[in-house]
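Got your viewer open? Load the model shown here and follow along, selecting as we go.

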Amino acid sequence: MWKIETKNPHTSGEVRGSVFSHIKQGMLKKSITKESQPLPRALIQLHPGRSSDSRINPPGAPSRLPCGSQWLGGRDSPRLQRRVRSRISRDSLFSSPLTVVQGRKAPEFLIYYSIEISYVKDNFPLRENPAIRLEPLGFRDIHDKSQDPAQWTTNENSMKNRALYFVFILIAARFYCGISISYGETQSFTDTTGCTVELPDRPLRVVSLAPSITEIVFSLGKGALLAGVTRYSDYPEEAKKLPRVGSYIRPELETIVNLKPDLCLAVKDGNPKKTIQRLKAFGIPVYTVSPEGIDTILRSIKEIGGLLNAKDEAQNITEKMSTQLAFIDRAVAQAPHKPLIFFQIGISPIVSVGKNTFLNEMIQRAGGENAVTSPRPYPRFSKEQVLALAPEIIIITSMARNDIFEVVKKEWESWPSLPAVKTKRIHVVDSDILDRPTPRVVDGLAMLTALIHPTLFKETPK
Amino acid sequence: MSDAHLIQGRLVRRIFTVTGLLSLVLALAVVIGLATGPSGIDLGPVWDLLTGNAQADGLQIAIIERIRLPRVLMALFCGAVLSLGGLVFQALLGNPLAEPYILGISGGAATGAIIGILAGLARVPGVSLTAFAGSMATLFLVLYLARGDSRAGRDAMLLSGVMVNAFCSAVIMFLISISDENKLHDIMFWLMGDLSSADMPQVGMVAILVLPCFAIIFLLSHKMNLMLMGREMARSMGVSIRQTTLILLIATSFMVSAMVCQSGLMGFVGLVVPHILRQIFGSDHRVLVPATIVGGGAFMVICDLLARWVPREGEIPVGVITAIVGAPLFILLLKRRA
């Protein structure tokens with residue numbers, strides 16, 4: 001049963017049976033009864049499971065060796081357990097260098113394990129109840145000078161009970177400390193840029209590279225998976241507490257790599273391609289979404305839901321959004337007239353939105369007509385040009401809560417020749433729900449429609 | 001004969017002592033630079049890397065090798081190139097204010113590079129070539145303008161350089177004002193000097209382009225000494241002034257433009273480093289050229305690590321640090337001299 005056939009100490013090789021199967025066979029019980037006898041000093045070295053190899057040891061990294069080593073030996077088991085409990089943590093397990101406990105004698109044995117942890121069932125509270133699977137790779141007597149791994153373990157009977165005892169401690173320690181790393185099968189996804197991404201079936205450390213993605217992940221109820229977000233990720237409130245990894249235009253490579261994510265969610269427009277490439281070179285899977293329009297937002301939510309095992313949530317959200325969208329579409333279809341709208345997103349200089357932008361789509365979907373027909377995405381305007389466009393409605397988006405937008409509104413109101421001024425239709429709106437491609441965009445659209453067609457919603461209260 | 005030998009030997013020793021001394025500073029700066037991350041300075045992983053500790057944390061080592069090392073090397077080259085550029089220009093023009101940035105060489109390269117970026121060219125070779133074209137164009141423009149007015153002499157070159165630089169800045173501002181928002185951010189960071197996106201292939205390319213220029217300039221360093229003694233003197237010593245000047249100018253603008261298109265604009269480096277070193281080690285260019293390369297590298301590596309370390313979140317463009325550190329240092333130096 002414990003025959004080791006591996007030739008390479010760094011990969012798990014062929015090992016039959018898992019620790020669990022041994023435990024089931026009652027061997028654990030036997031080993032616990034032997035607790036009273038002194039334990040040998042041993043050092044357990046954990047190697048990541050095969051599937052996760054590239055995530056912990058990026059390809060090309062110099063040290064592909066022990067990813068986690070834990071001193072487990074000693075002749076005083078209560079203290080030993082305490083030590084293990086306090087020392088094994090998610091990080092030490094997978095990235096700490098060899099832990100040499102001071103004042104201890106050199107280990108008598110090295111025990112090599114391959115580790116695989118996977119989740120047994122859905123909907124567990126995070127960091128609880130993952131099944132841990134430890135596969136012994138071999139034992140080595142430290143005094144045995146032979147470096148050939150094939151020679152490591154020979155004496156089955158004397159070794160395995162001790163080894164199992166350690167494994168038991170390890171599992172106990174795991175439950176105390178709540179290591180949560182999901183390993184297991186990887187899945188292949190093809191993202192919107194056409195790149196194939198190998199992802200763990202249950203990513204647990206996700207870095208979001210845009211505020212909109214952060215919002216989508218939270219809306220799917222998976223905010224707890226986020227290990228890092230970009231600056232300006234300010235919705236919902238919990239997002240503000242997460243570690244920052246730079247802005248979405250300039251994500252900080254080093255900070256992201258340091259977070260050891262098992263998935264990065266990027267946006268096609270905005271995140272620099274070079275950073276994405278370099279992240280991938282570190283073995284970090286990057287999935288790119290491109291939420292450019294309302295339909296693609298729905299698709300992105302579904303995609304992210306699929307990645308994070310939140311398909312049902314994604315389905316619920318997108319269905320709700322679709323219903324709301326259909327409602328708005330029906331209402332807008334009854335509108336007799338499409339007013340000309342000037343959408344102001346910049347104050348000095350005056351900047352508006354051209355064709356082929358997200359906001360242009362929003363204006364049209366809300367039953368308005370963009371006064372700007374420029375092919376450039378964010379054209380600049382002078383006051384004179386705006387006056388010449390004669391918009392019926394002016395909408396100013398505000399990024400911050402300050403009075404400057406009211407001042408801008410006052411300035412427009414000093415031009416009574418503007419149709420928008422005559423009918424008093426200059427509005428200041430919150431930009432976040434309008435220009436962030438998130439589930440909230442439907443609320444933004446509803447608000448915009450209500451501004452453009454105030455009469456439409458009167459008879460059908462929401 | 002033996003006297004000449006003795007002097008030669010003394011010079012070689014002096015070159016080695018000075019360069020060795022500065023190399024120590026540089027090595028220290030590099031080590032600290034490698035140890036500086038977003039979470040502060042941690043020497044442990046660098047030590048592991050240097051000692052080849054097989055048990056070291058693979059992730060930290062990878063971060064150092066693949067993110068910080070290219071960046072530190074890029075800073076090193078950048079400082080070396082810009083400082084050496086300053087030294088050469090100061091010697092050629094006999095003017096302590098000369099520097100690639102002030103002479104408009106950097107500005108020309110920047111204009112060329114921005115045109116390249118806006119045209120959607122790749123960094124290599126597209127943008128590099130437009131940057132080089134830009135710097136050569138400004139260089140010849142400056143040379144041409146300076147030649148026309150012989151009365152002002154060498155000052156004319158500086159003056160026309162300043163004007164060309166002002167013109168380039170205006171062109172850059174114009175290009176920025178008509179460019180798209182999404183390219184704008186790139187360009188702005190680049191204008192302030194930015195090393196954060198450096199990777200190994202980039203560093204390798206810069207090294208290939210820049211190291212031969214270092215060699216050429218070092219070989220011509222004695223001629224620079226002679227030229228500083230006056231044109232007549234130099235000519236009588238057998239220096240072909242036209243040829244030497246041309247080679248030095250082309251080599252310098254070539255390496256400056258190769259650098260600028262990777263790192264962006266950084267001022268004051270070429271002014272501060274040569275002047276400080278000249279004050280400490282005297283004005284023999286045979287000593288100064290290697291000293292400037294190593295010292296300039298160290299200066300920039302330190303500025304870059306400050307740029308990463310000072311702000312609590314994110315980082316400051318390096319160009320801002322070089323100017324903030326460089327300008328007061330320079331003023332202090334001028335004051336002391338006066």
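What follows is a short walk through a predicted model, with chain B as a warm-up and a sheet in chain A as the main stop.

Begin by colouring chain B by secondary structure: you'll get 14 helices and two strands. Chain B has 338 residues, and 48% of them count as buried. If you like contact maps, draw one for chain B: among contacts with a separation of 6 or more, 74% join residues 24 or more positions apart.

Now hop over to chain A and pick out four strands, β8, β7, β9 and β10. In that order they make up an open sheet, with parallel pairing. Which strands sit at the edges? Select 226–228 for β8(A) and 286–289 for β10(A); each of these has a partner on one side only. Turn the sheet and look across the strands: going from one to the next, the twist averages 35°.

Next, zoom in on β9(A), residues 263–267, where four bridges tie this strand to β10(A), the two running parallel. Show side chains for Leu265(A) and Tyr287(A): the leucine stands opposite the tyrosine, which belongs to β10(A).

Time to add the helices. Select 211–219 in chain A for α7, which packs on the sheet and touches β7 (206–208), β8 and β9 of chain A. Sight along β7(A), and the direction of α7(A) makes about 135° with that strand's. Then select 273–281 in chain A for α9, another helix that packs on the sheet. Helix α9(A) touches β9(A) and β10(A), and its direction makes about 150° with that of β10(A).

Technical notes: Residues numbered from 1 in each chain as written. Chains lettered and ligands numbered in written order. Predicted model: local features only at pLDDT ≥ 70, side-chain atom pairs only at ≥ 80, totals over all residues. Buried ≥ 20, exposed ≤ 12 C-beta atoms within 10 Å, placed from the backbone. Contact = placed C-beta atoms within 7 Å. Pairing = 2+ DSSP bridges. Axes fitted to C-alpha atoms, helices over the stretch in contact; angles between N-to-C directions.
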